[in-house]
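Please look at the model below with the sequence alongside. The paragraphs that follow begin at one pair of facing residues and widen from there to the strand, the chain and the relation between copies.

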Number of protein chains: 6
Amino acid sequence: LLRAVPGLRTMASEAETSKYQYETLKVTTEPNHIFHVELNRPNKRNAMNKSFWREMVLCFQAIAKDTDCRVVVISGAGKMFTSGIDLLDLGSDFLQPQEDDPARIAWNLRKKISEYQETFSVIEKCSKPVIVAVHNACIGGGVDLISACDIRFCTQDAWFQVKEVDVGLAADVGTLQRLPKIIRSQSLVNELAFTARKMMSDEAKRCGLVSRVFPDKESLLSAAFDLASDIASKSPVAVQGTKVNLVYSRDHSVQESLDFMACWNMSMLQSQDVLKSAQAAMEKKQPKDVTFSKL
Amino acid sequence: LLRAVPGLRTMASEAETSKYQYETLKVTTEPNHIFHVELNRPNKRNAMNKSFWREMVLCFQAIAKDTDCRVVVISGAGKMFTSGIDLLDLGSDFLQPQEDDPARIAWNLRKKISEYQETFSVIEKCSKPVIVAVHNACIGGGVDLISACDIRFCTQDAWFQVKEVDVGLAADVGTLQRLPKIIRSQSLVNELAFTARKMMSDEAKRCGLVSRVFPDKESLLSAAFDLASDIASKSPVAVQGTKVNLVYSRDHSVQESLDFMACWNMSMLQSQDVLKSAQAAMEKKQPKDVTFSKL
Amino acid sequence: LLRAVPGLRTMASEAETSKYQYETLKVTTEPNHIFHVELNRPNKRNAMNKSFWREMVLCFQAIAKDTDCRVVVISGAGKMFTSGIDLLDLGSDFLQPQEDDPARIAWNLRKKISEYQETFSVIEKCSKPVIVAVHNACIGGGVDLISACDIRFCTQDAWFQVKEVDVGLAADVGTLQRLPKIIRSQSLVNELAFTARKMMSDEAKRCGLVSRVFPDKESLLSAAFDLASDIASKSPVAVQGTKVNLVYSRDHSVQESLDFMACWNMSMLQSQDVLKSAQAAMEKKQPKDVTFSKL
Amino acid sequence: LLRAVPGLRTMASEAETSKYQYETLKVTTEPNHIFHVELNRPNKRNAMNKSFWREMVLCFQAIAKDTDCRVVVISGAGKMFTSGIDLLDLGSDFLQPQEDDPARIAWNLRKKISEYQETFSVIEKCSKPVIVAVHNACIGGGVDLISACDIRFCTQDAWFQVKEVDVGLAADVGTLQRLPKIIRSQSLVNELAFTARKMMSDEAKRCGLVSRVFPDKESLLSAAFDLASDIASKSPVAVQGTKVNLVYSRDHSVQESLDFMACWNMSMLQSQDVLKSAQAAMEKKQPKDVTFSKL
Amino acid sequence: LLRAVPGLRTMASEAETSKYQYETLKVTTEPNHIFHVELNRPNKRNAMNKSFWREMVLCFQAIAKDTDCRVVVISGAGKMFTSGIDLLDLGSDFLQPQEDDPARIAWNLRKKISEYQETFSVIEKCSKPVIVAVHNACIGGGVDLISACDIRFCTQDAWFQVKEVDVGLAADVGTLQRLPKIIRSQSLVNELAFTARKMMSDEAKRCGLVSRVFPDKESLLSAAFDLASDIASKSPVAVQGTKVNLVYSRDHSVQESLDFMACWNMSMLQSQDVLKSAQAAMEKKQPKDVTFSKL
Amino acid sequence: LLRAVPGLRTMASEAETSKYQYETLKVTTEPNHIFHVELNRPNKRNAMNKSFWREMVLCFQAIAKDTDCRVVVISGAGKMFTSGIDLLDLGSDFLQPQEDDPARIAWNLRKKISEYQETFSVIEKCSKPVIVAVHNACIGGGVDLISACDIRFCTQDAWFQVKEVDVGLAADVGTLQRLPKIIRSQSLVNELAFTARKMMSDEAKRCGLVSRVFPDKESLLSAAFDLASDIASKSPVAVQGTKVNLVYSRDHSVQESLDFMACWNMSMLQSQDVLKSAQAAMEKKQPKDVTFSKL
């Protein structure tokens, strides 16, 4: 398996990403249909400013439609993953309302919150698997972000903090909604959300928030790209159908989910990928030995 | 942080709790807006008799409305947390029906069961965080009780037993409904519920039922009150909004929960607590350095 | 406790099982109302062929109605638990459609998938607890099968593989629907489903998929039958009501589940089993000292 | 059939209703286990003041438990059914908040709204059929009230008005939630709610809001009590089980509702009432010839 | 349009129906892929005995799979549609339990009720449109039956009666679950269910229970078969997909239903029927001028 | 009340609508914050071509945010409301797939269907009331469109046709999902969807699809604008909150809807509009005498 070498990756992909130009995100296309999305305000500890909240939506809507992409890896540039929302930049939106009628302020806040929720929901609506690689701090909005990803890896020095309660609010862009469905020691989730205490990487591993821990950022990224390459070698019809149905299952009863699955696969089982894969299996080949069409 | 000293606590609060007078519960108000609710039939191993089932409802309905309370700690007086339902006292309600028509017996049983379910649901409906500190035995109804709490700590010698199957019935006041959403090794939940075997503190920790284990009751309570003080120092708008939305999220899809959250925070983000907290954060202060109005 | 001795078991039950005659399953009735269902194509690595998918439904529908059965143990005959679907045998159903209209092919595929889903849903619909004992390989359809069981034990050498993605399809007979509600490190479930990598017994234990691991098949089966005997000694009204309500709770909100439970127990609390059990408890006897009527 | 004669009714029941003493409601027990609840502020056009919102809850909680009651008739004393909320009396609760933090005002408003919602939800939670007899005006809160009743009759001169939009708010105690499930010309419901226009009795009949229209209040009440007597002559197990399941069905899918029903009737079919009724049916008798125990 | 002539119909189909041989049902295959199912115990007023409850399931399961059938018409042989359940025949199942433990009686009753519910749910699960033609009496179980059909026609002399309350029970095989979603004057549904009064054909038309009324049985059947022929001339992919999605929509939110529909039509829009129909439409032809493959 | 005069309307609004420039829609701003959206391909019978499906989304997303707009009226320019989808123009999207793998074709079709569903869902997501005025033909996609509107009026000569079954497909952009929740004679909805027969204005009125019928287009539009003016004179906080909650209620249980409503109004009751309206009510003024801020 020809795996991506970090050093080579950046160079190779300069040309193709012209449409993925953002202020706060750096998007690199890697070999094997892998896209690398970096939070890219390293001097600001990757704090999430207004541009970020908007650009994430644009970026993932583009990725969702981009048939060149099969898997996404998210990581943070610089010293930490992210320090969370950029209070200074966002303050004006949330703290200095233009109206003086509480109902109209509320009306506008609701719209704004819904927009900000969409910033991370796009990750979930994109049917391509998203692996997030966290190093050092992952604070506040960072936890909202990684909760919407599919697979979470981190470094030994990583730590996680549901920070919102410390700025006087209940977390409203995903953490309270997704975290309890991800790690499920309810007692622990509650403790984290009520106290804003830091959770270190070992506890994050034990409780299931992350599935693997690595000594440093280099080995973390290397493993994330290995995993991405492995997934990218499979049939995209199989992989992306799997994501769509896993997300559906989380929010529905088993019977509803089985019914949706039957409806889904009545098309997807007609795929050439099934024939190709079945034949490869009979011939003792691996998925990576098969060429699948784009999706 | 000026933390509550157990010895001082009881004294200080004599006067204020005149309305919290119960036969089976002892309610003490602690510094920092913390209420301590003790199961208080130590000579009866805190067995849950008829008074208990009624008084819990009264107690938590009062606490829910009491703006002096921000966090609750529940513990058991005496040698164990609780031996569960008081079969002798409750038997007459459930085992000696007044009717001879099976339909009318059923009608009355359903009412009674619903009432008993409410005994623990009030904990969940109360928007203040409830920490439960378990030592020694937590049997039958005890598991129903702690399943409705938000955070669970226990001592090394604590053990847990879903006892109902041994008295010929399926647990009907919360365990079968909440436990699988709390610990989630479904295989383990099933085993506990089918066999009524004891689960020791270490297994309880591993499976996520409790989030921390302590050597003895004293260190347990000390840690529970520390945690309570920490939570009580935060904005009550933030903390209680967090509880309301965590409970909502457990029972709804992610999208439904996000929608409810946006509707919730369109009011709550207008809080002075957000401004105060944001300002404190900018000045590198802690939430405990800020004074929040009652809620 | 008079426990079943593996050596004796097979012999004793020859006669009674005449109605449980299958090609791919071997059903043995054990002492204490325990039924043993073995995947029984050892020469074919217990691959799931067309007969298997049909016979499982017949078998569990019969068991569901059989008042002689209180608990079921499923295991695999031969060297491994199961290698999953028998591609050669099933290929014709899924890969060689009789139609040439994509809509009509889809129509038939949907019917077929629903039938195959039923093969494992019958385990869940059967109100008797089902313990599955896995040794060596549990691949593809095997994971779908065990996801529908109530309690999972395995041997040290057991491994699990969500294989479907490697044959070009999203798993459609239960894994994607049930697994996330069983083990709940969402990150891990996603990784397994996207990569088809093997998960070994120790990881399976840590993440909660199995609740116990044993050194070899003999000790595995011995423990499974011990557990089965223990459960079988309890009131079947209590045990089976527990299963019905645990399955219900998984798919409903806590309040819905409490309402259903109240409706359920308004009948079931009228059981003689409750009286018998309560009386035994007062007399310090165990459930196994009580004789319960069949159910 | 000995039917209640309006003239006699009031007298006969003086004694029994000592516990049903309210400021804003007049409760009379009629022959045949019928209770008559009158909105009783005729000089104030039965405007709904603070006492009313509280007393309705007390009244219907008492009726729900009162085995002497099998059916309830609600009507309005004086010239009209009701003019809706008493703005002057309620204004202080909703228009003059005690707090100055918008979040804390919101917190208290939510509690208050929930309490007011309960005022009409109690009608639905009471398993006894509630017939409402409307004459002349039924405005604002009146529509919320009748939407929670089971059967609606009115006089020729009756009219209905979803008034809330005219006082600057979306109706929040039941109309927007229940009306669309009652009459279901969605286009008409929307029109009524957006415009606050009056709907006359004939349109109310055509759209299904009321099932019968009568020339005057006397014939209206006479018919309502006739219907009540008829229902009261049936098995209360059958009638009240019917209400519980009709309310359940409104809010659930058909399959969920069938499952709940099966769970419900597994007790209720064991009733003596079924045997008595079946025997009566064989002997060509009517339900009213059978004596059913209280429920 | 070559329409079915009642006189000819019976004859033509003798041979093909050999597999549709029942005691209580007469199944005739008509021209144009129409199946006619008659309740066929005219001497017993088509009372629903044990055989009927079983045979309906067999019959509609067979029809569901029979690609020769595109539409079903149900009617009653003899003087009336049906007098409902056959109390004498069913009494033993429901009134004379084999057990003496109320819990075990309940257990068996629940199973039995679920089976009887399935008798009418099969109509809904069968994706072919089912038109029911009612003449004269339609009582008790008859209302349950027609509630599960797709289109209801009746004669002028038809009447409907939700009879169950008169035999001491809440209707448990579909009426309370489906009727409120069909006619939706909630007030009227409640009245019918609480009183067991007869509803005549004109009221049935007005409230939407039936969509057309005819002077006599002959014209009724003629119209039903005309409608059936019309539907049978359309693409079965379109017609049966429409039924599946209409049933789905009834039980789900609009958004859920749109999502399911998109998943459904991603296969079905690939149908040759769409191409054939589109081409016919361009050529100003009717669906009946097109030949569609079986489904 | 100064009502909009059709003749004057067009002129007055030229300037303001520069941003509402579309090929297939004509948007005019009327007095009193009313927007008029006309289907504007009169020479093509307002057939829905690709531009239309895209422009509706843009148009209603803009209107949703436009605080100058309080109510929308939709009508059709020229001889009829709409002939439905433009088969010739859309054919390429749906009938000539770019792929040859059925799974990939399905994948793209699902995306396309979801986009087309959004074309009408935007009407529902826009919180401003939408009145649709239908004259002459309303076919296929036209029924999907009007099903997503809030209030439906039509002319005497209007007719409605669920056309999709005649082009070989189940209607997939809203009709099957919304129509049964709008008119609710289930029998009639099914008949219309299975047969594609025309429904005339009188039947549309009787079944509740439209709430009023007018002799000609002029009186229709006049009445629609009168209604719009009336609604536009009310508090926009009240009106739009009403729409949001009516849509929510349609898709949720009564209890869920009440909970959401309480959460909603905890902000909205703080509105100045409530104070203004309450004061006006006390002074016997109408909403139209009050000036409400934009929303």
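In this predicted model, B:Val73 has B:Ile131 of strand β4(B) as its bridge partner. The strand that pairs here with β4(B) is β3 of chain B (residues 71-76), and the two run in the parallel sense over 3 bridges; strands are DSSP runs of E with at least two residues, as helices are runs of H or I with at least four, numbered from the N terminus, and two strands count as paired if DSSP finds at least two bridges between them. β4(B) also pairs with strand β6 of chain B (residues 151-155), again in the parallel sense, over 4 bridges, and in that pairing B:Val134 stands opposite B:Cys154.

In a regular strand the side chains alternate between the two faces of the sheet. For β4(B), both faces are covered, with B:Val130, B:Val132 and B:Val134 buried on one side and B:Ile131 and B:Ala133 buried on the other. The strand, residues 130-134, thus has 5 of its 5 residues buried, where buried means under 20% relative accessible area, exposed over 50% and partly exposed in between, with a 1.4 Å probe and protein chains only.

For the chain as a whole, we can turn to chain A, which has 12 helices and 9 strands. Its C-alpha trace spans about 70 × 45 × 40 Å along the principal axes, and its radius of gyration of 20 Å agrees with the value near 19 Å for a compact globule of 295 residues, taken over C-alpha atoms with a rule of 2.2 Å times the number of residues to the power 0.38. Buried residues make up 67% of the 295 residues in chain A. Of the contacts in chain A with a separation of 6 or more, 69% are between residues 24 or more positions apart, a contact meaning heavy atoms within 4.5 Å.

Chain B is superposed on chain A by a rotation of 120° with 0.0 Å of shift along its axis, at an RMSD of 0.0 Å, the fit being by least squares on C-alpha atoms of residues with pLDDT of at least 70 in both. That is the relation of a three-fold axis, and in chain B the C-alpha nearest the axis, 3.9 Å from it, belongs to B:Arg184.

Residues are numbered from 1 along each chain as its sequence is written, and chains are lettered from A and ligands numbered from 1 in the order in which they are written. Local features need pLDDT of at least 70 and side-chain atom pairs count only at pLDDT 80 or more, while totals for chains, interfaces and linings use all residues, and side-chain values use heavy atoms, with hydrogens and water left out.
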